[in-house]
Amino acid sequence: SSGINAEYGGQVAFYDQTKDTLLRMELIGDNTGGHFVCSFIAGTAATLITQPFDVVKTRVMQGSRYSGVVQCIVATAREGPRSFYKGFVPAWVRLAPQTILTWIILEKLRKWFPAA
């Protein structure tokens, strides 16, 4: 689904940008600890970006409460900005460990099998 693609695309972009920035600022090393920090930030950023879309998608799919996506967005916005982030913690708890493990393993593979 497009939500999944956006989520992983966000992870890749945030991970690479965070890693480059923190390495340049010498706040982390290019090691497992640094990769953990960057992947933690990437997972959090991906969840922050995709959660509003997930909330709207879930509400629309739950039934006939809304006539469409736009009505759902408007109704959710009337509840306040925080309503777009309902379920954030469970979504983050699901995504963060997966993101951390993925990037730490990928970085190990990059080290063990460098590009030609």
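Reader: Before we get going, how are the accessible areas computed here?

Author: Accessible areas come from the Shrake-Rupley method with a 1.4 Å probe, and for residues only the protein chains shown count as cover. This is a predicted model, in which local features need pLDDT of at least 70 and side-chain atom pairs count only at pLDDT 80 or more, while totals for chains, interfaces and linings use all residues. Residues are numbered from 1 along each chain as its sequence is written, and side-chain values use heavy atoms, with hydrogens and water left out.

Reader: Fine, so what share of the accessible surface belongs to carbon and sulfur atoms?

Author: The protein's accessible surface adds up to about 7500 Å². The part belonging to carbon and sulfur atoms is 67%.

Reader: In what order do the elements run from the N terminus?

Author: Helices (DSSP runs of H or I, at least four residues) and strands (E, at least two) are numbered from the N terminus. The protein has four helices and zero strands. Read from the N terminus on, that gives α-α-α-α.

Reader: Is the protein more spread out or less spread out than a compact globule?

Author: The radius of gyration is taken over C-alpha atoms, and the globule rule is 2.2 Å times the number of residues to the power 0.38. For 116 residues the rule gives 13 Å, and the protein has 17 Å, well over that, so the verdict is: more spread out.

Reader: And what box do the C-alpha atoms fill?

Author: The box is taken along the principal axes. Its dimensions are roughly 55 × 25 × 20 Å.

Reader: What percentage of the residues count as buried?

Author: Buried means under 20% relative accessible area, exposed over 50%, and partly exposed in between (1.4 Å probe, protein chains only). Of the protein's 116 residues, the buried portion is 32%.

Reader: What fraction of the contacts with a separation of 6 or more comes from residues 24 or more positions apart?

Author: Contact means heavy atoms within 4.5 Å. Taking the contacts with a separation of 6 or more, residues 24 or more positions apart account for 61%.

Reader: How many Å apart are the mean positions of the positive and negative charges?

Author: Lys and Arg count as positive and Asp and Glu as negative, with His and the chain ends not counted. Each charge is placed at NZ of Lys, CZ of Arg, CG of Asp or CD of Glu. For the 12 positive and 8 negative charges, the mean positions are separated by 9 Å.

Reader: On to the rings: which aromatic pair is stacked at 4.0 Å centre to centre?

Author: Rings of Phe, Tyr and Trp (its six-membered ring) pair if their centres lie within 6.5 Å; planes under 30 degrees apart count as stacked, over 60 as edge-to-face and the rest as tilted. The whole structure holds four aromatic pairs. With 10 degrees between the planes and 4.0 Å centre to centre, the stacked pair you want is Tyr-15 and Trp-103.

Reader: How many residues apart are Tyr-15 and Trp-103?

Author: Both Tyr-15 and Trp-103 are buried. Tyr-15 sits in helix 1 and Trp-103 in helix 4 (residues 88–112), so this pair links distant parts of the chain, and the separation is 88 residues.

Reader: Which rings are linked into a cluster?

Author: Ring pairs do the linking here. The cluster consists of Phe-36, Phe-40 and Trp-92.

Reader: Which residues does Ser-39 touch, leaving out those up to four places away in sequence?

Author: Ser-39 belongs to helix 2 (residues 32–61). Its relative accessibility is 0%, so Ser-39 counts as buried. Its contacts are Tyr-15, Thr-99, Ile-100 and Trp-103.

Reader: Is Lys-19 buried or exposed?

Author: Lys-19 lies in helix 1. It touches Ile-28, Asp-30, His-35, Cys-38, Glu-107 and Arg-110, not counting residues up to four places away in sequence. Its relative accessible area is 12%, so Lys-19 is buried.

Reader: What is the phi of Glu-26?

Author: Glu-26 is in the loop between helix 1 (2–24) and helix 2, and it is exposed, with a relative accessible area of 70%. Most residues other than glycine have a negative phi. Glu-26 is not a glycine, yet its phi is positive, at about 60 degrees.

Reader: Last one: which residues is Leu-23 in contact with, leaving aside neighbours within four places in sequence?

Author: Leu-23 is in helix 1 and counts as partly exposed at 27% relative accessibility. Its C-alpha is 28 Å from that of Ala-91, 68 residues apart along the chain. The contacts of Leu-23 are Ile-28, Gly-29 and Asp-30.
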